Amino acid sequence: MKNIVAVGSGKGGVGKSTVAVNIAASLAAQGAAVGLLDGDIYGPTMPIMLGVEHPPKSVGPRMIPIEASGLRFMSMGLLVNPISR
Ligand SMILES: Nc1ncnc2c1ncn2[C@@H]1O[C@H](COP(=O)(O)OP(=O)(O)OP(=O)(O)O)[C@@H](O)[C@H]1O
Ligand SMILES: [Mg+2]
């Protein structure tokens, strides 16, 4: 990875996920190879925002990031049962 952009805050519901997905999609639209990691454990919203709900495939011990909107992403929301979110 050449660059890492971290989006965080000390408060919930202030727009972190919205900012993160828009930065990622904007960079991808400009031609950057972008990986988006949703580190939210208790309320991951990235699968909803990117319109993907199916779990990632795995190759051996590695999970393959999901591709959507021109970027690759991984989220706890892809791994847990929707009912437990
Ligand atoms: N710039 C903005 N102006 C108005 N509303 C916004 C803006 N950015 C995000 N929102 C809205 O605020 C709400 C919370 O946004 P978001 O889910 O991105 O926040 P979050 O910080 O990731 O929340 P959480 O802490 O629950 O993960 C959403 O309903 C979103 O649509
Ligand atoms: Mg969020």
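Biologist: Which residues does Val 52 touch, not counting residues up to four places away in sequence, and what makes each of them a contact?

Modeller: In this predicted model, Val 52 touches Pro 47, Ile 66, Ala 68, Phe 73 and Leu 78. Contact means heavy atoms within 4.5 Å, so each of these five residues meets that limit with Val 52. Residues are numbered from 1 along each chain, while chains are lettered from A and ligands numbered from 1 as written. Local features need pLDDT of at least 70 and side-chain atom pairs 80 or more, whereas totals for chains, interfaces and linings use all residues; side-chain values use heavy atoms, without hydrogens and water.

Biologist: Why is the set that includes Val 52 called a nonpolar core?

Modeller: The name applies because its 15 residues are buried (under 20% relative accessible area, 1.4 Å probe, protein chains only) and joined through side-chain atoms within 4.5 Å. Leu 36, Met 46, Leu 50, Val 52, Leu 71, Phe 73 and Leu 78 touch the most other members. Helix H1 (16-29), helix H2 (46-50), strand S4 (66-68) and strand S5 (71-75) each supply at least two residues, with the largest share, four, coming from H1.

Biologist: What makes the approach of Ser 17 to ligand 1 a polar contact?

Modeller: A polar side-chain atom of Ser 17 lies 2.9 Å from a ligand oxygen; the limit for a pair of N or O atoms is 3.5 Å, so the pair qualifies. A polar backbone atom of Val 14, at 3.1 Å, and a side-chain N or O atom of Asp 40, at 3.2 Å, also approach oxygen atoms of ligand 1. Taken alone, ligand 1 exposes 640 Å², and the protein buries 44% of that.

Terms used: Polar contact = N/O pair within 3.5 Å; in protein donor to acceptor, adjacent residues only side chain to side chain. Areas by Shrake-Rupley, 256 points an atom, 1.4 Å probe, with all protein chains shown as cover. Buried < 20%, exposed > 50% of the residue type's maximum accessible area, 1.4 Å probe, protein only.
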